[in-house]
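Work through these exercises with the sequence and the 3D view open. Try each task before reading its solution.

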Amino acid sequence: MRLLIGFYALFATLFAALFSLQAHASPLTPPKGGQYAVIVQGNNGVEFASHADDMIAPASTMKVLTALAARLELGADFRFATDIQAQAGAKQGDAINGDIWINFVGDPTLSRMDLVALFKQLGVTRIKGNVYVNTGAYNGYERGNGWSWGDQTLCFAAPVSSVIIDKNCAYGTVTATQIGKPAVGNVATGVPIGIGADNVEVMSYGDMARQFCALEVDMAKGNFYELKGCITPNKEPQGLRFAIHDVEAWGWDNIRWAMNRASISHDGLLRVTHQAPVGAQTLATHYSVSLPVMLSKMLKKSDNLYADTFLKTVGRHYYNKPGSYRSGTMAVRAILTKNGIDLGNATLADGSGLSAHNLISARQMLSVLNFIQKNDAQLDFIKLLPSSQVDGTLAWRRSVTAPMMKNKVHAKTGTITGTSNLAGFIDTAGGQRKAFVVFQRGLSQDPATHERYRASKAPWPWTVFEKGILESIYQQQPIQIAEQ
């Protein structure tokens, strides 16, 4: 029986490989109406290039540049340090007789419970002075130029500020149990946001479609989220996630909550400052995990907040000034240039790839990948990328689901509306590791075709195109692309 099972598995693998070879015997067809850029490099240089100098929005493949610059500039031992300071001698027994400063540095891992633990480190029950929230680590906009305004309520576009608590994202629910009955918004006890649902209609999916109605949200100062529009009924509360809108209020409310949880009374005011005190004493510190751990999460999960935090932190570290999108993008370019990576006419607008203003060519992206591959013994970078059928955004990507492709592709995905990108490395059937970039943009279909693909769950044309290229590289077969 075991022999039969083994033979069957071997036959299935061989059949899949033969099927792939037959499928790729004819030229690959790019998505109709779209544009593509492909470049592949092996041990002897560039093996294939098509439209490799076209400028394309990199989407989340931009995170490869950000991560590399952070690794080079900050070092593997880097950790974010959020601390509380007071003037020397202010702590006396179980009280602090004077002001304290909480120095936030944009740590994307800092949670509400970490804030409680930070206050508990003080070992006091009373603060007889003001609490200053120092936001001087960063300046400038909290969201990048070129981000979509329609994404501002969504957690993947949370504001990137010095004050980051629970990823500047809050959770709530909306309860809508019966058509015609009012909906009700709820948040967990102690979470400092509000949800209003008085203007939400509960109706059937068909009525929603006929009325072109959907659930929408308006944001207000103080992190109140007013839901409006329509929702279908559900027996259970439906989960919602909101990007924080008013970061200052979010910081203050969570500091009050954390002090209360730490059993600390406070006599003074909460104030914002942009400078740490001179000659002050550090009384408590929270450290993040190490840089490689954070970069792994950023790349595997394609975490935008982590990426733009690192962009601003790199700018702060490189120029010794408050970090911003401007200083961060300039620092990334300078750091990569110093290491022999010429980005030429590439445009960098943020670190995450959310901005529509980012532009880079496949050849420029390849130069980044080449540096990573040549220096991976020191950087230990490639293992931080998602791996096909293993983890991150490549765990279920349909272009790498063939059995032979398992754990063979180590690459960063990049997806925004109309764009589907992949950049990284393939371990070929012959044992060679090749760098590749596949960029696709202008991906669009008429509504009927789009609905047909969605309903049938058939792979999108751009997925089929990407799959053909990747499997050709893996099998070390010539890439053939049909003329459009």
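Two strands count as paired if DSSP finds at least two bridges between them. The model is predicted.

**Exercise 1. Find the partners of strand β8, and say in which sense each one pairs.**

Step 1. Start with strand β6, residues 100-103. Strands β6 and β8 are parallel and share four bridges. That meets the cut-off of at least two.

Step 2. Check the register. Ile-102 sits opposite Val-133 of β8.

Step 3. Turn to strand β16, residues 270-273. Four bridges link β16 to β8, again in parallel. Here Val-131 faces Leu-270 of β16.

**Exercise 2. Are the residues on the two faces of strand β8 buried or exposed?**

Step 1. Recall the rule: side chains in a regular strand alternate between the two faces of the sheet.

Step 2. Sort residues 131-134 by side. Val-131 and Val-133 lie on one side, Tyr-132 and Asn-134 on the other.

Step 3. Apply the cut-off: buried means under 20% relative accessible area. All four are buried, and both faces of β8 are covered.

**Exercise 3. Give the strand order of the open five-stranded sheet, then name its edges.**

Step 1. The order reads β2-β1-β20-β19-β18, and the pairing is antiparallel.

Step 2. Look for strands that pair on one side only. These are β2 (45-50) and β18 (409-416).

Step 3. From one strand to the next, the twist averages 5°.

Step 4. Zoom in on one pair. Strands β19 (residues 419-427) and β20 (residues 433-441) are joined by nine bridges. Leu-422 faces Val-438 of β20.

Step 5. Add the helix. Helix α12, residues 461-474, lies across β1 (35-42), β19 and β20. Its angle to β19 is about 15°.

**Exercise 4. Which residues have the most contacts inside the largest nonpolar core, and which elements build that core?**

Step 1. The core holds 61 residues. Leu-65, Leu-68, Phe-310, Leu-343, Phe-381 and Val-437 have the most contacts inside it.

Step 2. List the elements giving two or more residues: β1, α2 (62-74), α6 (291-301), α7 (304-319), α8 (325-338), α9 (362-374), β19 and β20. Helix α2 gives the largest share, eight residues.

Step 3. Follow Phe-310. Beyond its neighbours within four places in sequence, Phe-310 contacts nine residues' worth of surroundings, including Thr-66, Ala-70, Leu-74, Leu-291 and Met-298.

Step 4. Apart from this core lies another, of 45 residues. Val-131, Val-174, Ile-193 and Trp-250 are among them.

Notes
Residues are numbered from 1 along each chain as its sequence is written. This is a predicted model: local features need pLDDT of at least 70, side-chain atom pairs count only at pLDDT 80 or more; totals for chains, interfaces and linings use all residues. Side-chain values use heavy atoms; hydrogens and water are left out. Axes are lines fitted to C-alpha atoms, for helices over the stretch in contact, and angles run from 0 to 180 degrees between N-to-C directions. Contact means heavy atoms within 4.5 Å. Buried means under 20% relative accessible area, exposed over 50%, partly exposed in between (1.4 Å probe, protein chains only). A nonpolar core is a set of buried Ala, Val, Leu, Ile, Met, Phe, Trp, Tyr and Cys residues joined through side-chain atoms within 4.5 Å.
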